[in-house]
Amino acid sequence: MEQFEQFSVDGQRMYGMLHTPDSPAPAQGWPSVVMVHGYTGHRTEHHRLFVLLSRVLAARGMASLRFDCRGSGDSQGDFHEMTVSREVEDASAAADHLRDQPGLDPERVTLLGYSMGGMVSALAAQRARAHRLLLWAPALPELWLPLLRGGVLPPTVTDVDGWPLGRAFLQELPRLRPLEAAAAWGGVAHVIHGDADTTCPPEWGVRYAQALGCDAAAIPGGTHNFTSLETTEMLYAETLRFLGGG
């Protein structure tokens with residue numbers, strides 16, 4: 001089953017899609033996955049990565065919620081208000097929303113974060129009471145440091161390919177500690193990174209894995225968006241291998 005969902009943070013509505021298996025729920029409820037999109041992304045993600053994965057998971061007895069963070073996709077809010085801290089709140093609210101759904105196991109909610117969503121998920125894991133953590137090509141704050149232009153903050157917004165990036169987003173970057181948050185979390189985790197990723201270097205995935213004390217899987221030929229049928233298939237296979245482990 002696929003159904004439209006909405007929930008709110010600070011009076012702003014967020015919209016998403018809940019996918020659940022067609023079979024009756026087990027006594028303990030289905031495990032579930034919250035999918036956190038990347039910078040300028042949305043609940044569909046690049047070449048429908050989140051949509052297709054949600055349907056694969058449902059066919060294998062797992063529920064999932066893919067949603068638009070505030071200021072992205074169809075959700076309320078303006079993009080210039082977006083910060084990583086706000087998206088940590090959004091991801092935590094999404095996990096709480098999943099726990100309230102009938103037929104789902106409230107103790108088995110995994111956070112899956114892609115790109116900036118990976119950084120957000122690492123920072124949100126403890127607050128969201130994540131059962132497990134799965135990071136796809138996770139970003140680090142230094143990805144956006146070139147926008148500071150020598151360390152000088154813009155007065156209002158920065159035009160980045162037509163996206164109004166707010167001053168608050170850049171202002172908090174030096175204070176973010178996603179690797180420290182990952183190390184402090186201490187749960188079961190996995191990192192998947194394309195070895196041809198030129199946006200978020202594979203070394204960043206290794207750093208996350210070291211902080212989390214987990215394995216990092218490399219997808220041969222995988223770009224940041226896993227832009228081939230072959231690398232997408234490998235990404236899904238590795239994702240299912242991890243998620244199928246409990």
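**Salt bridges, burial and overall form**

Asp96 counts as partly exposed at 36% relative accessibility, the classes being buried (under 20% relative accessible area), exposed (over 50%) and partly exposed (in between), with a 1.4 Å probe and protein chains only. The model is predicted, so local features need pLDDT of at least 70 and side-chain atom pairs count only at pLDDT 80 or more, whereas totals for chains, interfaces and linings use all residues. Residues are numbered from 1 along each chain as its sequence is written, and side-chain values use heavy atoms, with hydrogens and water left out.

**Overall form**

- The protein contains seven helices and ten strands, which are DSSP runs numbered from the N terminus (helices: H or I, at least four residues; strands: E, at least two).
- The radius of gyration is 17 Å, which agrees with the value near 18 Å for a compact globule of 246 residues; the radius is taken over C-alpha atoms, and the globule rule is 2.2 Å times the number of residues to the power 0.38.
- The C-alpha trace spans about 55 × 40 × 35 Å along its principal axes.
- Of the 246 residues, 55% are buried.
- About 10,400 Å² of the protein is exposed, and carbon and sulfur atoms supply 51% of this area; accessible areas come from the Shrake-Rupley method with a 1.4 Å probe, and for residues only the protein chains shown count as cover.
- Among contacts (heavy atoms within 4.5 Å) between residues at least 6 apart in sequence, 70% join residues at least 24 apart.

**Salt bridges**

- The count comes to 13 salt bridges, each being a side-chain nitrogen of Lys or Arg within 4 Å of a carboxyl oxygen of Asp or Glu.
- Arg43 pairs with Asp74, with the closest N and O atoms 3.1 Å apart. This pair links distant parts of the chain, 31 residues apart: Arg43 is in the loop between β3 (30-36) and α1 (49-59), and Asp74 is in the loop between β4 (63-67) and α2 (84-99).
- Arg43 is buried at a relative accessible area of 12%, whereas Asp74 is exposed at 52%.
- Glu89 forms a salt bridge with Arg70, and their closest N and O atoms are 3.0 Å apart. Because Glu89 lies in helix α2 and Arg70 in the loop between β4 and α2, the pair ties together parts that are 19 residues apart in sequence.
- Arg70 is buried at 1% relative accessible area, while Glu89 is partly exposed at 25%.
- Asp96 forms a salt bridge with Arg99, the closest N and O atoms being 3.4 Å apart. Arg99 is buried at 12% relative accessibility, and both residues lie in helix α2, three residues apart, about one turn of the helix.
- Salt bridges with shared partners join Asp10, Arg70, Glu89 and Asp90 into one network.

**Two buried residues**

- Cys200 is found in the loop between β9 (188-194) and α6 (202-212) and is buried, with a relative accessible area of 0%.
- Not counting residues up to four places away in sequence, Cys200 touches Ser115, Ala137, Pro138, Ala139, Leu143, His193 and His224.
- Cys200 and His42 are 18 Å apart in space, C-alpha to C-alpha, and 158 residues apart in sequence.
- Thr231 lies in helix α7 (residues 229-243) and is buried at a relative accessible area of 4%.
- Outside the residues up to four places away in sequence, Thr231 touches Ile219, Pro220, Gly221, Gly222 and Phe226.
- The side chains of Thr231 and Ser228 make a polar contact (2.8 Å); a polar contact is a pair of N or O atoms within 3.5 Å, where within protein one must be able to donate a hydrogen and the other to accept it, and residues adjacent in sequence count only if both atoms are side-chain atoms.
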